[in-house]
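Work through the two exercises below with the sequence and the model at hand. Each task is followed by its solution.

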Amino acid sequence: MKIGFIGLGNMGAPMAANLAKAGHEVSGFDLAAPCPEGVNKAKTAAQAATGAEVVFTMLPNGAILRAVANDVVPAMSPGAVLCDCSTVDVDSARAVAEQAEAAGLGALDAPVSGGVGGAAGGTLTFMVGGGDDAFATVEPLFDIMGQKAVHCGTSGAGQAAKICNNMVLGVTMIATCEAFALADKLGLDRQKMFDVVSTSSGYSWSMNAYCPAPGVGPQSPADNGYKPGFAAELMLKDLRLSQQAAEGVDADTPMGELATALYTSFVETEGGLGRDFSAMLPHFEKRGRG
Ligand code: NAD
């Protein structure tokens with residue numbers, strides 16, 4: 001297939017490279033990042049999109065996605081599909097899909113989970129919103145870049161799934177970290193705490209697969225000085241998107257709201273910037289109730 005790829009950063013570059021490696025003709029554009037091997041460098045986003053059957057975007061936020069869509073939608077041929085893999089607000093995802101569909105294009109929002117490792121290894125999970133035909137067109141490409149693509153519903157459903165999942169993740173990570181800090185103060189050994197909780201009703205992905213306590217459970221960023229991994233500021237971005245969405249539809253999300261507040265102060269004033277999101281544990285260790 002002829003593919004355009006806009007946004008060749010930490011995630012986009014390895015995703016585009018995997019498509020090229022699989023034999024597709026990929027034309028890439030980024031304002032700053034270099035083109036990965038096998039990808040042809042376009043001079044503009046519109047040039048990368050011209051003649052492409054599928055155009056992927058992998059960009060920092062919804063405002064940038066809307067600006068890029070204004071450039072690429074007019075350059076695309078009717079019947080082609082615009083597939084955004086960035087994590088953005090549901091409103092931007094729906095607005096860009098409407099714009100693309102009004103121009104005779106297919107449109108998908110397809111945010112990912114799996115991080116930079118998953119992008120490099122072709123093991124991402126895609127959560128996809130949009131029409132059946134567009135999904136069928138892009139599905140073979142999802143299979144190259146990932147291990148699973150779930151068609152969640154119409155436009156915006158992929159972003160909705162992503163932010164709901166990450167709201168659960170942010171909340172359970174905080175709960176897991178505060179429980180370890182409480183266990184410390186109660187004199188409970190961390191390994192014993194893990195052995196019990198990971199096989200009892202308190203288990204979660206945060207505890208079992210990504211344990212925030214160094215030397216306990218499987219290898220995780222805690223064992224590497226809390227180097228990300230999944231950076232606290234990226235968790236904060238996703239939590240803020242969850243709260244923006246909750247406000248838009250009048251959903252009561254008190255735990256999501258509190259998790260957003262805790263990650264905001266962690267990232268902005270308490271040294272969390274650039275650390276893994278599980279570094280909430282050393283943060284809680286130092287604190288008392290006051
Ligand atoms: P990144 O900052 O490394 O890459 C974004 C790229 O977009 C940059 O190279 C930037 O130069 C480029 N860009 C910005 N404006 C542009 C424009 N107008 N035209 C062309 N290129 C432009 O970010 P990333 O880590 O690759 O993340 C991309 C998206 O994926 C984000 O929405 C992020 O939330 C999401 N995501 C990231 C991870 C992760 O672990 N990094 C995991 C899941 C989802």
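**Exercise 1.** Find the polar contacts of the ligand with L59, D30 and L31.

Solution. Take a polar contact as a pair of N or O atoms within 3.5 Å. Start at L59: a polar atom of its backbone is 2.8 Å from an oxygen atom of the ligand. Next, the side chain of D30 places an N or O atom 2.6 Å from a ligand oxygen atom. Then turn to L31, where a backbone N or O atom lies 3.4 Å from a nitrogen atom of the ligand. Finally, consider cover: on its own the ligand has 830 Å² of accessible area (Shrake-Rupley method, 1.4 Å probe), and the protein covers 82% of this area.

The model is predicted: local features need pLDDT of at least 70, side-chain atom pairs count only at pLDDT 80 or more, and totals for chains, interfaces and linings use all residues. Residues are numbered from 1 along each chain as its sequence is written, and side-chain values use heavy atoms, with hydrogens and water left out.

**Exercise 2.** Which strands pair with β6, and are its faces buried or exposed?

Solution. Strands are DSSP runs of E with at least two residues, numbered from the N terminus; two of them pair if DSSP finds at least two bridges between them. First, β5 (residues 81–84) runs parallel to β6, joined by four bridges, with C83 opposite L108. Second, β8 (residues 124–130) is antiparallel to β6 over two bridges, and G130 is the bridge partner of L108 there. Last, check the faces of β6 (residues 106–109): G106 and L108 on one side, and A107 and D109 on the other, are all buried (under 20% relative accessible area, 1.4 Å probe, protein chains only).

Technical notes. Buried < 20%, exposed > 50% of the residue type's maximum accessible area, 1.4 Å probe, protein only. Polar contact = N/O pair within 3.5 Å; in protein donor to acceptor, adjacent residues only side chain to side chain.
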